[in-house]
Amino acid sequence: MEKRIELEKRGRNPSEIKELVLDNCRSTQIVGLSDEFSNLESLSLINVGLTSLKGFPKLPNLRKLELSDNRISGGLNLLSGSPKLSTLNLSGNKIASLDALEPLKDFQNLKQLDLFSCEVTQTENYREKVFALLPGLVYLDGFDQNDKEVEDSDEENGVNDHNADDSEEGGEDDDEEEENEDEEDDEDEEEDGEVDLSYLQNSIDEESEGDDYDPYGANDSDVDIEDDADEDDEDKPRGQKRKLDSDDE
């Protein structure tokens with residue numbers, strides 16, 4: 001088992017590993033698996049040949065544990081270091097009585113339990129008694145208390161719930177980033193507007209300072225016409241006076 005664990009690590013730090021598959025690596029007990037796998041969420045030990053869970057490490061984030069097709073008859077209390085365990089498969093083991101399942105009462109998050117091909121399934125009113133023993137259990141051997149089959153989405157709830165939380169956090173971060181970008185765009189638009197107004201005001205000031213600027217729209221030709229008219233008016237009376245003088249003579 002130790003060699004298989006090293007192979008599955010692939011050079012990674014144990015604390016970085018969230019899923020570990022050690023199926024078919026022959027061992028009668030847990031060897032090489034330590035508390036260093038603190039973030040492990042899914043562990044599969046199918047058909048390993050385990051007769052005991054002795055040496056099972058504390059895995060505080062473990063949610064799914066596959067132990068089918070081994071020779072385990074008890075000692076489930078050794079899983080107490082994994083309080084988040086929600087899915088446990090003990091199919092094909094040597095669990096013979098309900099007493100062997102007693103330690104599972106301490107697992108408040110346990111929702112799915114499989115005991116196919118275990119001797120305990122031959123107990124009279126087996127399903128009713130297991131659901132009574134574990135009131136928080138939702139699915140036993142793939143079916144709930146109303147004989148409704150487990151759905152694929154529910155089967156991996158232990159891991160999927162955790163991933164859903166990460167996605168929501170990522171979504172909130174994305175929303176915050178988008179809001180910040182919108183605020184920056186608005187600020188840029190306001191600055192551009194201020195620059196345009198400043199440029200327009202400067203243009204008006206420059207025109208007002210020019211030599212040809214006339215706030216009333218008058219031009220030189222209009223002024224010349226008015227001057228000529230005034231001169232004609234002045235000349236006209238003078239001509240009449242001279243004519244009168246000549247008549248008197």
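**Notes on the predicted model**

1. To start with the surface: the chain exposes about 16600 Å², and carbon and sulfur atoms supply 41% of that area. Keep in mind that this is a predicted model. Of the 249 residues in the chain, 29% are buried.

2. On the overall layout, you'll find five helices and six strands. Reading from the N terminus, the elements go α-β-β-β-β-β-α-β-α-α-α. As for contacts between residues at least 6 apart in sequence, 38% of them join residues at least 24 apart.

3. Now the sheet. The six strands form an open sheet in the order β1-β2-β3-β4-β5-β6, and the pairing is parallel. The edges are taken by β1 (19-21) and β6, and each has a single partner strand, so one side of each has no neighbour in the sheet.

4. If you want to look at one strand pair, try β4 and β5: they run parallel and are joined by three bridges. One residue pair to find there is N89 with D114, its bridge partner in β5.

5. Next, α2. Which residues of α2 are buried? They are Y126, V130, F131 and L133. These four sit on the same side of α2, because they cover an arc of only 160° around the axis. As background, an α-helix has 3.6 residues a turn, so residues three or four places apart point the same way. The cover over the buried residues of α2 includes β5 (112-114) and β6. Turn to the face away from that buried side and you meet the exposed residues E128 and A132.

6. Just past this helix comes P135, in the loop between α2 (126-133) and β6 (139-140). Is P135 buried or exposed? Its relative accessibility is 68%, so P135 counts as exposed, the cut-off being over 50%. P135 is also worth viewing together with K111: the two are 24 residues apart in sequence, and their C-alpha atoms are 9.5 Å apart in space.

7. S82 is another loop residue to check, placed between β3 (64-66) and β4 (87-89). With 1% relative accessibility, S82 counts as buried, since the cut-off for that is under 20%. What does S82 touch, not counting residues up to four places away in sequence? The contacts are F56, L59, L62 and F107.

8. A last pairing for your own viewing: both P135 and S82 lie in loops, yet P135 counts as exposed at 68% relative accessibility, whereas S82 counts as buried at 1%.

Definitions and conventions: Residues numbered from 1 in each chain as written. Predicted model: local features only at pLDDT ≥ 70, side-chain atom pairs only at ≥ 80, totals over all residues. Heavy atoms only, no water. Helix = DSSP H or I, 4+ residues; strand = E, 2+ residues; numbered from the N terminus. Buried < 20%, exposed > 50% of the residue type's maximum accessible area, 1.4 Å probe, protein only. Contact = heavy atoms within 4.5 Å. Areas by Shrake-Rupley, 256 points an atom, 1.4 Å probe, with all protein chains shown as cover. Arc of directions from axis to C-beta. Pairing = 2+ DSSP bridges.
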